[in-house]
Amino acid sequence: MLEVKNKIEGYQYIKIARFKKDIRRTAPHRHNSYMEFIFLTKGGGIHTIDGRHYNVTPPVLFIVRQEEVHHWALEGEPEGYVMIIKQPYVDNSPDRALKALLLRLSGHVRIPITMPDSLVSLFDLLLVEWQYGPTVSLGGEIMEGLLKALLAKILQQAPSERPRHINAVDTFQRFEALLGETETLQNSVAHYAELLNTTPQNLNTACRKAVGDSATSVLARHIVNEAKRLLLYTDMTLGEIAAQLDFGDNSHFIKYFKRHTGMTPHAFRRTG
C-alpha cells in the first residue's frame, strides 16, 4: 500500500518549518489529512505529483492536497519553507476570507513566484509566530492575519483564473474534505449529500457556483485520480481497486475509467 507520511503532531492544526536541506529523493507518498505548501528559493530537479512531473525552478511554490501522491528528485541543496494546514484549522476559523483564499489556491499545483522577497518575509514572520505565538497574547490572531497575507500574496502571483462564487465555499470545501478521505471514497453523490446534511441538488448547485462543475464531475475527478494513484503506485489488482473505489464489478470500473481517461486501467498502468 502507499506510504502515508505525517509531519505534524496530532494536536497541531498548522505547522511552519524550513525545507529540510538533506532532502534529495523520496519515495511516492501521500500525507495524513493535510494540505502542504512548499516554497523553494534554491535547488532544482523534479517534483512529481500524481504522476505528473514538474520542474523545480526556484523561486517556485507547490501546493500538495491531502489526497495526492508526490515525491521529489532534487539536485543541489534546496532552501525554502514548508507550511502544513489541516482541515480543522480552516473549519474552526470564523474568517470566510481565509477559507475563500484556501479554496482558490487549492486548484493550483505549481506557481512560479515573481516577488519572492515578500513571501520570504511572511514565511519568516509566520515561523516566529508558530514557534512562540501560542505562549504570547494574541498569538493566534497574529498567526491568522499573517497567513491571510501570505495566501493573498501567493494568489496575487498565481496564473489567472475565472472568478468563483464565494457563497458556496463552505459546502464545497466540506465536500472536498470528505473526498480527500480516499480510504472511504464512494461513487455516489447522494451518499456525500447525506453526510453533508443537504440534498444532491443543493450539493450540485454548490459545486457549480464554487468551481463551475457538477458534483458528479467533482466526485469523478477524485475517483479517477485515486484510481490512477493506485494503478501507478501499488500492485493492487483491478478487482481490488474496483472494490476499494466502490464499484460493483471490474467491468463497471473499467468502463468508468475509460470514459473519463480515454484508456483502460491496464493501458494506463502499462504507460505509467
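**Stop 1: helix 8**

Start by selecting the buried residues of helix 8: Ala215, Val218, Leu219, Ala220, His222, Ile223, Val224, Glu226, Ala227, Arg229, Leu230 and Leu231. Keep in mind throughout that this is a predicted model.

Now show the whole helix, residues 215–233. What span should its 19 residues have at 1.5 Å a residue? The expected value is 27 Å, and the end C-alpha atoms are 27 Å apart, which agrees.

**Stop 2: helix 8 against helix 10**

Add helix 10, residues 250–261. The two axes come within 11 Å and cross at roughly 105°. Helix 8 and helix 10 are therefore roughly perpendicular to each other. Select the contact next. Helix 8 brings Ala220, Ile223, Val224, Ala227, Lys228 and Leu231. Helix 10 brings Phe253, Tyr256, Phe257, His260 and Thr261. Colour these residues by type: eight are nonpolar, two polar and one charged.

**Stop 3: Arg65 and Ser106**

Go to Arg65, in the loop between strand 6 and strand 7. Is Arg65 buried or exposed? Its relative accessibility is 14%, so Arg65 counts as buried. Show its contacts beyond four places in sequence: Tyr34, Met35, Ser106, Glu176 and His222. His222 is also among the buried residues of helix 8. For a distance check, pick the C-alpha atoms of Arg65 and Glu226. They are separated by 12 Å, with the residues 161 apart along the chain.

Step across to Ser106. It sits in the loop between helix 2 (96–105) and strand 8 (110–112). At 11% relative accessibility, Ser106 counts as buried. Beyond four places in sequence, Ser106 touches Met35 and Arg65. Met35 also appears in the contact list of Arg65.

**Stop 4: strand 4 and its partners**

Select strand 4, residues 34–49. Twelve of its 16 residues are buried, so strand 4 is largely enclosed by the rest of the structure. Which strands pair with strand 4? Take three in turn.

- Strand 7 pairs with strand 4 in the antiparallel sense over 14 bridges. Pick Glu36 and look opposite it for Ile84 in strand 7.
- Strand 6, residues 60–64, pairs with strand 4 in the antiparallel sense over five bridges. Pick Leu40 to find its bridge partner in strand 6, Val60.
- Strand 5, residues 52–56, runs antiparallel to strand 4 and is joined to it by five bridges. Pick Ile46 to find its bridge partner in strand 5, Asn55.

**Stop 5: the turns beside strand 5**

Stay with strand 4 and strand 5. Their hairpin has two residues between the strands. Select Asp50 in that loop. What is the sign of phi at Asp50? Phi is positive, about 50°, although Asp50 is not a glycine.

Follow the chain past strand 5. Pro59 lies in the loop between strand 5 and strand 6. Select the peptide bond from Pro58 to Pro59: it is cis, with omega near -5°.

**Stop 6: Leu74 in strand 7**

Move to strand 7, residues 70–86, and select Leu74. Leu74 is buried, with a relative accessible area of 8%. Set aside its neighbours within four places in sequence. Leu74 is then in contact with Phe19, Ile23, Arg24, Gly44, Gly45 and Val56. For scale, pick Arg52 too. Leu74 and Arg52 are 22 residues apart in sequence and 15 Å apart in space, C-alpha to C-alpha.

**Stop 7: Ala17 and helix 3**

Select Ala17 in strand 2, residues 14–18. At 23% relative accessibility, Ala17 counts as partly exposed. Which residues does Ala17 contact, leaving aside neighbours within four places in sequence? They are Tyr81, Val82 and Leu127. Pick Met115 as well: the C-alpha atoms of Ala17 and Met115 are separated by 20 Å, and the residues are 98 apart along the chain.

Leu127 leads to helix 3, where it is one of the buried residues. The others are Leu119, Leu122, Phe123, Leu126 and Glu129. Helix 3 covers residues 116–132 and has 17 residues. From first C-alpha to last it reaches 24 Å, close to the 24 Å expected at 1.5 Å a residue.

**Stop 8: Asn197**

End in the loop between helix 6 (189–195) and helix 7 (200–211), at Asn197. Asn197 is exposed, with a relative accessible area of 74%. Check its backbone: phi is near 55°, a positive value in a residue other than glycine.

Note on methods
Residues are numbered from 1 along each chain as its sequence is written. This is a predicted model: local features need pLDDT of at least 70, side-chain atom pairs count only at pLDDT 80 or more; totals for chains, interfaces and linings use all residues. Side-chain values use heavy atoms; hydrogens and water are left out. Helices (H or I, at least four residues) and strands (E, at least two) are DSSP runs, numbered from the N terminus. The expected span of a helix is 1.5 Å times one less than its number of residues. Buried means under 20% relative accessible area, exposed over 50%, partly exposed in between (1.4 Å probe, protein chains only). Axes are lines fitted to C-alpha atoms, for helices over the stretch in contact, and angles run from 0 to 180 degrees between N-to-C directions. Angles under 35 degrees count as roughly parallel, over 145 as roughly antiparallel, 65 to 115 as roughly perpendicular and the rest as oblique. Contact means heavy atoms within 4.5 Å. Ala, Val, Leu, Ile, Met, Phe, Trp, Tyr, Cys and Pro count as nonpolar, Asp, Glu, Lys and Arg as charged, and the others, Gly among them, as polar. Two strands pair if DSSP finds at least two bridges between them.
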